[in-house]
Amino acid sequence: MKYLVVSDNHGDRDVLVDLAATYRGKVDKLFHCGDSELEVDDVLWNDFIVVRGNCDYTSEFPETIVEKTGEDTIFMTHGHLANVRSGLTTLSLKAEQVKATIVLFGHTHEIGCEVRANVLYLNPGSISQPRGAIQLKSYAIIESTTDRFIVQYYGRDHQPFKELHFVFNKK
């Protein structure tokens with residue numbers, strides 16, 4: 001399975017239009033980890049699975065989503081309600097409750113991925129306003145196979161950041 005993960009575009013609708021047009025039919029699911037600042041009835045949400053961020057002021061977006069695919073159980077939240085700036089403890093407890101194999105979140109605008117207890121935790125960074133040590137406008141694609149997670153980060157031009165390619169064995 002292939003999943004595109006994007007977050008924190010903060011009103012930049014065009015970048016999401018481009019991502020949807022580029023990847024429609026090429027990935028199995030498109031995930032948006034919140035802070036789109038777009039309306040809940042935007043036609044873009046026909047392509048993306050989306051959660052509410054702290055800058056999404058409508059309560060109509062869900063705070064969390066659990067999406068089951070043939071390969072994975074994906075838990076997604078923006079991260080502000082799970083206190084992700086202080087670590088992954090709260091997030092990991094929520095993931096454990098739903099037996100997630102992949103956890104997606106945004107909020108910090110910082111690229112990051114790691115595996116803990118056989119669960120992939122991924123922040124795609126921000127597609128519009130990056131922060132932290134890696135100042136790249138980014139999104140990620142996860143390829144999940146029976147034995148590993150392959151993560152590749154990309155820029156707005158859809159070119160891979162070669163130094164941001166990770167392979168994690170499952171179990």
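Strand S7 gives the largest share of the lining of the largest pocket, four residues, so let's start there, friends, and keep in mind that this is a predicted model. S7 covers 111-116, and strand S8, at 119-124, also supplies at least two residues of that lining. How many residues line the largest pocket? The lining counts 13 residues, and those nearest the centre are Leu88, Phe105, Gly112, Glu114 and Asn123. If you think in terms of chemistry, as I know many of you do, the lining splits into seven nonpolar, four polar and two charged residues. As for the space itself, the volume comes out at about 180 Å³. In general, rolling a probe the size of a water molecule over the atoms is how empty space shows up.

Now please turn to the sheet. Six strands make an open sheet with mixed pairing, and the order across it is S3-S2-S1-S9-S10-S11. Which strands stand at the edges? Those are S3, residues 48-50, and S11, residues 160-169; each has a single partner strand, so one side of each has no neighbour in the sheet. On average, neighbouring strands here are turned by 20° against each other, direction ignored.

Let's walk through the S9, S10 and S11 end. Strand S9, residues 139-144, runs antiparallel to S10, and six bridges join the two. The link from S9 to S10 is a hairpin of three residues. S10 itself spans residues 148-154 and pairs with S11, again in the antiparallel sense and over six bridges. One facing pair to find on your screen is Val151 with Phe166 of S11 opposite. The hairpin between S10 and S11 has five residues in between, and in that turn His158 has a positive phi of about 70°. Is S10 mostly covered or mostly open? Mostly covered: six of its seven residues are buried.

My last topic is the aromatic rings. There are seven aromatic pairs in the structure. One of them is Tyr3 with Phe31, an edge-to-face pair with 6.0 Å centre to centre and 75° between the planes. Why does this pair tie together separate parts of the chain? Tyr3 sits in strand S1, residues 2-6, while Phe31 sits in strand S2, residues 29-32, so the two parts joined are 28 residues apart in sequence. Both Tyr3 and Phe31 are buried.

Another is the stacked pair of Tyr139 and Tyr154, with 5.4 Å centre to centre and 15° between the planes. Tyr139 belongs to strand S9 and Tyr154 to strand S10, so this pair ties together parts 15 residues apart in sequence. You can also find these two tyrosines through the sheet, where Tyr154 in S10 is the bridge partner of Tyr139. Are they buried or exposed? Tyr139 counts as buried at 0% relative accessibility, and Tyr154 is buried too, with a relative accessible area of 16%; the cut-off for buried is under 20%. Finally, Tyr23 joins the picture, as Tyr23, Tyr139 and Tyr154 form one aromatic cluster.

If you would like one place to explore afterwards, try Tyr139 and Tyr154: the two are bridge partners, and their rings are stacked. Thanks, everyone, and I'm happy to take questions.

How values were computed
Residues are numbered from 1 along each chain as its sequence is written. This is a predicted model: local features need pLDDT of at least 70, side-chain atom pairs count only at pLDDT 80 or more; totals for chains, interfaces and linings use all residues. Side-chain values use heavy atoms; hydrogens and water are left out. Two strands pair if DSSP finds at least two bridges between them. Axes are lines fitted to C-alpha atoms, for helices over the stretch in contact, and angles run from 0 to 180 degrees between N-to-C directions. On a 1 Å grid over the protein atoms alone, a cavity is a set of points where a 1.4 Å probe fits but cannot get out, and a pocket is an open set with protein on both sides within 12 Å along at least five of seven lines; lining residues have an atom within 4 Å of a point. Grid points are joined across faces, edges and corners, and a volume is the space filled by probe spheres set on the points. Ala, Val, Leu, Ile, Met, Phe, Trp, Tyr, Cys and Pro count as nonpolar, Asp, Glu, Lys and Arg as charged, and the others, Gly among them, as polar. Buried means under 20% relative accessible area, exposed over 50%, partly exposed in between (1.4 Å probe, protein chains only). Rings of Phe, Tyr and Trp (its six-membered ring) pair if their centres lie within 6.5 Å; planes under 30 degrees apart count as stacked, over 60 as edge-to-face and the rest as tilted.
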